[in-house]
Amino acid sequence: MSLDNVVSRLSEQDIEGGVEELCSALKLPRYPMKEASQIRVDFLFSCVALAADTVQLKGPKLQLFLQMCVETYDKLCGTGDGGESVEQTFDGFRDKMVAAVVGGDSDDRRNEFSLQEARLLSKMVINSLFRFHKAYKLCSSDEFQDSLLVTTNARTLDVELPLQPSPLDLFQDSRPAVEPIGEHSEDGLQEADTAEGAAQA
């Protein structure tokens with residue numbers, strides 16, 4: 001599993017392409033139908049993006065970290081109504097990270113991550129997956145999936161919008177309300193003067 005193409009897309013600010021490359025590396029369909037699978041892909045992609053950008057991981061180190069994230073997410077969320085408890089999942093993640101720094105049952109795992117890298121990577125997973133573990137477990141539950149199915153199959157409502165207002169020019173007379181002074185004719189002015197003189201007499 002190579003993540004070089006994912007890192008390349010990230011360097012080009014091509015997020016959609018990066019997600020597609022990650023799905024290809026994990027042999028997953030691009031954004032599968034189930035919402036729980038979509039959330040899983042988004043979480044894994046964010047882990048790869050942050051590790052590559054913030055911690056500057058690449059090659060085997062980035063692949064190892066992604067493998068840890070996949071195993072940790074699947075153990076916590078599982079299938080159906082969830083997997084392991086958050087305490088069990090955290091202990092497993094911590095043991096894997098410690099083994100990658102100082103070695104575990106086999107010396108082959110020693111010094112895969114530096115202490116600083118392990119600290120930053122652990123902080124990322126703790127502040128995302130473990131901090132919001134209830135939300136992630138809920139999104140993976142059968143109850144949540146069933147509620148989405150009910151919402152999707154609900155009848156659509158017909159909403160009547162108010163009528164568009166009529167154009168203002170329909171309510172205006174074509175003739176001006178007050179005739180401009182400059183447009184009075186001389187005959188009209190003379191008639192007005194004559195009428196005024198008769199009234200005074």
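In the predicted model, Leu22 packs against residues from several parts of the chain. Neighbours within four places in sequence aside, Leu22 is in contact with Leu3, Val6, Val41, Leu44, Phe45, Val48 and Leu66. Leu22 is also one of the residues that touch the most other members of the largest nonpolar core. The others named in that group are Phe43, Leu57, Phe65, Phe113 and Leu121. The core holds 41 residues. Helices H1, H2, H3, H4, H5 and H6 each supply at least two of its residues. H4 gives the most, with 10 residues. In soluble globular proteins, nonpolar side chains tend to be buried together.

The fold around this core is helical. The chain has nine helices and zero strands. Read along the sequence, the pattern is α-α-α-α-α-α-α-α-α. Of the 201 residues, 29% count as buried. Among contacts between residues at least 6 apart in sequence, 56% join residues at least 24 apart.

Leu22 belongs to the contact of H2 with H3. On the H2 side, this contact involves Ile15, Gly18, Val19, Leu22 and Cys23. They meet Val41, Leu44, Phe45 and Val48 of H3. The two axes come within 10 Å and cross at roughly 105 degrees. An angle from 65 to 115 degrees counts as roughly perpendicular, so H2 and H3 are roughly perpendicular to each other. The residues of this contact divide into eight nonpolar, one polar and no charged. The four H3 residues of the contact, Val41, Leu44, Phe45 and Val48, also appear among the contacts of Leu22.

The loop between H2 and H3 contains Lys27. Lys27 has a positive phi of about 60 degrees, although it is not a glycine. Its relative accessibility is 74%, so Lys27 counts as exposed. A further residue of this kind lies in the loop between H3 and H4, namely Gln56. Phi of Gln56 is near 60 degrees, again a positive value in a residue other than glycine. Gln56 is exposed, with a relative accessible area of 57%.

Helix H4 spans residues 59-77. At 1.5 Å a residue, its 19 residues should span 27 Å. The C-alpha atoms at its ends are 27 Å apart, which agrees with that expectation. Many positions along H4 are listed as buried. They are Leu62, Leu64, Phe65, Leu66, Met68, Cys69, Val70, Thr72, Tyr73, Leu76 and Cys77. Two of them, Phe65 and Leu66, have already appeared in the description of the core and of Leu22. The cover over the buried residues of H4 includes H1 (4-11), H2 (15-25) and H3 (35-53). It also includes H5 (86-102), H6 (115-130) and H7 (133-139). Just after H4, Gly78 takes a positive phi of about 55 degrees.

Two buried residues of H4 illustrate this cover. Leu62 lies in H4. At 0% relative accessibility, Leu62 counts as buried, the cut-off being under 20%. Beyond its neighbours within four places in sequence, Leu62 is in contact with Leu3, Val7, Val48, Ala51, Ala52 and Leu57. Leu62 and Val7 are 55 residues apart in sequence, yet their C-alpha atoms are 9.7 Å apart in space. Leu3 and Val48 are contacts of Leu62, and both are contacts of Leu22 as well.

Thr72 is also placed in H4. Its relative accessibility is 4%, so Thr72 counts as buried. With neighbours within four places in sequence set aside, Thr72 is in contact with Thr89, Phe93, Leu129 and Phe130. Thr89 and Phe93 fall within H5 (86-102), while Leu129 and Phe130 fall within H6 (115-130).

Not every leucine in the helices is buried. Leu115 is found in H6. Its relative accessible area is 57%, and Leu115 is exposed. Leu115 and Ala100 are 15 residues apart in sequence and 9.5 Å apart in space, C-alpha to C-alpha.

Conventions
Residues numbered from 1 in each chain as written. Predicted model: local features only at pLDDT ≥ 70, side-chain atom pairs only at ≥ 80, totals over all residues. Heavy atoms only, no water. Expected span 1.5 Å × (residues − 1). Buried < 20%, exposed > 50% of the residue type's maximum accessible area, 1.4 Å probe, protein only. Contact = heavy atoms within 4.5 Å. Axes fitted to C-alpha atoms, helices over the stretch in contact; angles between N-to-C directions. Parallel < 35°, antiparallel > 145°, perpendicular 65-115°, else oblique. Nonpolar A, V, L, I, M, F, W, Y, C, P; charged D, E, K, R; others polar. Core = buried A, V, L, I, M, F, W, Y, C linked by side-chain atoms within 4.5 Å.
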